[in-house]
Amino acid sequence: MNRRLLVGAFLAAVLAAHSTWVVYSQTAKPPGALKIERVRGDLHLISGEGGNVAAYVTSEGVVLVDDMFDRNHAGILAQLKALTDRPLRYVINTHQHDDHAGGSLKMLPLAEVIARRNVYANLKDLKRPYFEDTPGTPIGLPRVTFSDRLDVHLGGKDIEAHYFGRGHTSGDIIVYFPELKAIHTGDLFISGSRRGVPIYVDAVQGGSLLEWTRTLERTLQLDFDVVIPGHGPVATKADLARFNADIAAMRTRLQGMIRKGASRAEVVQAIETDYGWRATGCPPAPQMTPGCLQYQQIDALMAELK
């Protein structure tokens, strides 16, 4: 009888997993169109959906920074094939959200996937909201992790991955291309916004508004003048410095409101009206509601700023 129960439980688990994958497969969004542009030298930007992907071509292969959503895998490989016949060797994830690392599982048979050790820990002990857009997508854990710095040397070219502190999450890194004086910031920096400060502090994944500016200040000490942001067009060091100043000003204002006793509703109104965050009308669990991720953790934000 016990054996029958065990077999029954096992079959039920298999069927549940299969059902989840079937539902995901049937409801998954089709991939969007991608485009590629040269940033500087052999460094290129692939964009169009999800987070910005950097592709650095060397004589011995290609290094990618981020890999968008799971659904973008074939599109990214097609862009690389049109760019070069050299193999993909490394994928460096700036953090764990699925618009930046959602394609890592499919990358693992092709290349080494690298991330900060916190990314591995966050994904292994999955905490929301990894799935911003693709619930049910299987997760690819990085095979290579590091603490504060990792260097990749390929085809006579150097790539540095730096962890300077918390911000968007606890795993955000800056990828530095010293020969080109260029960086990829992941979601520590969003460019091209016409309104407010379009950031999201993922407290569940260790993000911190208090530490965000300190992290960017350390980033600004690097020798660069070109910035590939997590989202938006290629920017400059001056753009990044202005973005950091805007975050500091927003944080100071919100902290002042909270310490003077502002209510949750008043904080929500300020961030929506003055900083462009979507808040009013968002459901309590906005996993599939674009623009609602910031609102999801207002309570954690207010607790940090007290």
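**Helix 7, an open sheet and their salt bridges**

Strand 11 (182–184), helix 6 (209–219), strand 13 (235–236), helix 8 (264–275) and helix 10 (298–305) are among the elements that cover the buried residues of helix 7. The model is predicted. Helix 7 is a good place to enter it.

Which residues of helix 7 are buried? They are Leu 240, Phe 243, Asn 244, Ile 247, Met 250, Arg 251, Leu 254, Gln 255, Met 257 and Ile 258. The helix runs over residues 237–259, 23 residues in number. At 1.5 Å a residue, helix 7 should span 33 Å. Its end C-alpha atoms are 33 Å apart, so the expected span and the model agree. After the helix comes Gly 261, with a positive phi near 95°.

Helix 7 also holds a salt bridge of its own. Asp 239 pairs with Arg 242, and their closest N and O atoms are 2.3 Å apart. Both residues sit in helix 7, three residues apart, which is about one turn of the helix. Asp 239 has a relative accessible area of 25%, so Asp 239 counts as partly exposed. Arg 242 is partly exposed too, at 49%.

Now step back to the whole chain. The protein has ten helices and 13 strands. It has 306 residues, and 51% of them count as buried. Its accessible surface comes to about 13,800 Å². Carbon and sulfur atoms account for 54% of that surface. Take the contacts between residues at least 6 apart in sequence: 65% of these join residues at least 24 apart.

Next, the sheet. Six strands form an open sheet, in the order 8-9-10-11-12-13. The pairing is mixed. Strand 8 (149–154) and strand 13 are the edges, each pairing on one side only. Strand 13 has already appeared, as part of the cover over helix 7. So has strand 11, within the same list.

Start at the edge formed by strand 8. How do strand 8 and strand 9 pair, in the parallel or the antiparallel sense? They run antiparallel, over six bridges. Strand 9 covers residues 157–162. Val 152 stands opposite Ile 159 of strand 9. Arg 149 has His 162 of strand 9 as its bridge partner. The hairpin of these two strands has two residues between the strands. In that hairpin, Gly 155 takes a positive phi near 55°.

Strand 9 is mostly covered, with five of its six residues buried. It also pairs with strand 10 (residues 174–177), again in the antiparallel sense, here over three bridges. Ala 161 stands opposite Val 175 in strand 10.

Glu 160 belongs to strand 9. Is this residue buried or exposed? Its relative accessible area is 13%, and the limit for buried is under 20%, so Glu 160 is buried. Leaving out residues up to four places away in sequence, Glu 160 touches Arg 149, Leu 150, Asp 151, Ile 174, Val 175, Tyr 176 and Pro 178. Its side chain makes a polar contact of 3.3 Å with the side chain of Arg 149. Another polar contact, of 2.7 Å, joins the side chains of Glu 160 and His 162. Arg 149 and His 162 are thus tied to Glu 160 by side-chain contacts, and to each other as bridge partners.

The remaining topic is charge pairing across the chain. The count of salt bridges comes to twelve. One of them joins Arg 143 and Glu 112, with closest N and O atoms 3.1 Å apart. This pair links distant parts of the chain, 31 residues apart. Arg 143 lies in the loop between helix 5 (117–124) and strand 7 (144–146), while Glu 112 lies in strand 6 (residues 112–116). Arg 143 is partly exposed, at 48% relative accessible area. Glu 112, at 30%, also counts as partly exposed.

A further pair connects two of the helices that cover helix 7. Asp 299 forms a salt bridge with Arg 264, the closest N and O atoms being 2.6 Å apart. Asp 299 is in helix 10 and Arg 264 in helix 8, 35 residues apart. Arg 264 is partly exposed, with 33% relative accessibility. Elsewhere, salt bridges with shared partners join Arg 149, Asp 151 and Glu 160 into one network. That leads back to strand 9, where Glu 160 is found.

Key. Residues numbered from 1 in each chain as written. Predicted model: local features only at pLDDT ≥ 70, side-chain atom pairs only at ≥ 80, totals over all residues. Heavy atoms only, no water. Helix = DSSP H or I, 4+ residues; strand = E, 2+ residues; numbered from the N terminus. Expected span 1.5 Å × (residues − 1). Buried < 20%, exposed > 50% of the residue type's maximum accessible area, 1.4 Å probe, protein only. Contact = heavy atoms within 4.5 Å. Pairing = 2+ DSSP bridges. Areas by Shrake-Rupley, 256 points an atom, 1.4 Å probe, with all protein chains shown as cover. Salt bridge = Lys/Arg side-chain N within 4 Å of Asp/Glu carboxyl O. Polar contact = N/O pair within 3.5 Å; in protein donor to acceptor, adjacent residues only side chain to side chain.
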